[in-house]
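Student: I would like a close look at a single part of this structure. Please keep to one region and build outward from there.

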Amino acid sequence: MYHIYIVEDDQQIRRIMADHLERYGYRVTLAENFETIKQEFVAIQPDLVLLDINLPLYDGFYWCRQIRTVSNAPVLFISARTDDMNQVMAIENGGDDYITKPFHLEVLLAKVKSVLRRSYGEYAHARDIQQTVRELDNLYFYPDRNELVYNDAKLELTKKEFLLFQRLAESPNTIVSRDELLETLWDEVDFVDDNTLSVNVTRLRKRLQELGITDAIQTIRGQGYRLDVNWGGRSS
């Protein structure tokens with residue numbers, strides 16, 4: 001079952017689209033907060049986005065660019081703007097297709113099927129190349145390349161630094177024992193002991209400072225470490 005994310009602020013239009021798509025077996029999620037579209041996208045990992053241009057705060061072109069920083073999932077623009085320039089801008093900002101309002105629901109369905117077929121069909125590899133990404137209070141981390149991104153600043157970590165951060169981020173604001181972290185860092189090549197863990201924690205703290213994140217990793221004496229989510233602010 002394909003998962004479709006609808007980013008449309010007109011309550012009636014988005015409900016009509018959702019009902020029609022669900023009738024044909026698609027799973028649909030409606031955007032809830034038009035200030036955090038990128039975060040919502042990362043959280044639900046949809047297969048396709050139906051994106052309006054005229055939205056509160058930031059327009060659809062902006063959000064399409066943001067989605068493109070974390071995913072190759074197809075984006076289908078839906079807008080009342082009928083001029084060629086807006087359609088060109090939609091494509092140039094990362095969109096895959098464009099539907100003008102008003103539209104017939106069967107046209108919408110056909111476009112959705114076409115884009116999904118091109119993206120995920122027998123000869124497509126979009127699922128294989130889709131970037132794996134997670135998000136924690138506007139800090140994005142990419143397991144497939146050991147990279148953190150915060151406010152457009154990128155930080156590439158070593159394998160052990162990233163594994164350590166990822167394990168702490170799985171349980172934010174919660175103590176993770178030293179034994180659990182040692183198990184996370186363990187491999188069959190390098191010997192890992194308490195000193196190795198301490199060294200990597202120290203290095204990770206210093207690396208996070210390069211992103212402007214300080215005092216996020218707390219040492220809990222006799223127990224382990226805790227990742228305090230003390231950063232924030234809106235990521236662009």
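How many bridges join β3 to strand β4, and which way do the two run?

Tutor: The model is predicted, and what follows is computed from it. Strand β3 (residues 48-52) and strand β4 (residues 75-79) are joined by 4 bridges and run parallel. One point of register is valine 49, which stands opposite valine 75 in β4. Between these two strands the chain passes through helix α3 (residues 60-68), and the resulting β-α-β crossover is right-handed.

On its other side in the strand order, β3 has β1 (residues 3-7). Here too there are 4 bridges, and β1 and β3 run parallel. Isoleucine 6 is the residue that stands opposite leucine 50 in β3.

With these neighbours in place, the burial of β3 can be described. Of its 5 residues, 5 are buried, so the strand is mostly covered. The covering applies to both faces: Leu48, Leu50 and Asp52 are buried on one side, and Val49 and Leu51 are buried on the other. Note that Asp52 is a charged residue and is nevertheless listed among the buried ones. Leu50 and Val49, named above for their partners in β1 and β4, sit on opposite faces of the strand.

The wider setting is an open sheet of 5 strands in the order β2-β1-β3-β4-β5, with parallel pairing. The edges are taken by β2 (27-30) and β5, each of which has a single partner strand, so one side of each lacks a neighbour in the sheet. On average, neighbouring strands of this sheet are turned by 20° against each other, direction ignored. At the β5 edge, 4 bridges join β4 to β5, and this pair runs parallel. Isoleucine 78 has isoleucine 99 in β5 as its bridge partner.

Helices pack on this sheet. Helix α2 (residues 37-44) touches β1, β2 and β3, and its direction makes about 170° with that of β1. That angle is over 145°, so α2 and β1 count as roughly antiparallel. Helix α4 (residues 84-92) lies across β4 and β5 and runs at about 145° to β5.

Just past β5 there is a backbone feature to note. Lysine 101 and proline 102 are joined by a cis peptide bond, with omega about -5°. Proline 102 belongs to the loop between β5 (97-100) and α5 (105-120). Most peptide bonds are trans, and most residues other than glycine have a negative phi.

Two residues away from the sheet depart from the second of these tendencies. Asparagine 138 has a positive phi, near 75°, and is found in the loop between β6 (134-136) and β7 (139-142). Aspartate 215 also has a positive phi, near 55°, in the loop between α9 and β11 (217-220). Their surroundings differ: asparagine 138 counts as buried because its relative accessibility is 7%, whereas aspartate 215 is exposed, with a relative accessible area of 61%.

The helix that precedes the loop of aspartate 215 has its own packing partner. The axes of α8 (residues 178-185) and α9 (residues 194-209) come within 10 Å and cross at roughly 85°, and the two helices are therefore roughly perpendicular to each other. Arg178, Leu181, Leu182 and Leu185 of α8 make the contact with Asp194, Leu197 and Ser198 of α9. These residues divide into 4 nonpolar, 1 polar and 2 charged.

Definitions and conventions:
Residues are numbered from 1 along each chain as its sequence is written. This is a predicted model: local features need pLDDT of at least 70, side-chain atom pairs count only at pLDDT 80 or more; totals for chains, interfaces and linings use all residues. Side-chain values use heavy atoms; hydrogens and water are left out. Axes are lines fitted to C-alpha atoms, for helices over the stretch in contact, and angles run from 0 to 180 degrees between N-to-C directions. Angles under 35 degrees count as roughly parallel, over 145 as roughly antiparallel, 65 to 115 as roughly perpendicular and the rest as oblique. Contact means heavy atoms within 4.5 Å. Buried means under 20% relative accessible area, exposed over 50%, partly exposed in between (1.4 Å probe, protein chains only). Two strands pair if DSSP finds at least two bridges between them. A crossover is right-handed if, with the strands pointing away from the viewer, the path from the first strand over the helix to the second runs clockwise.
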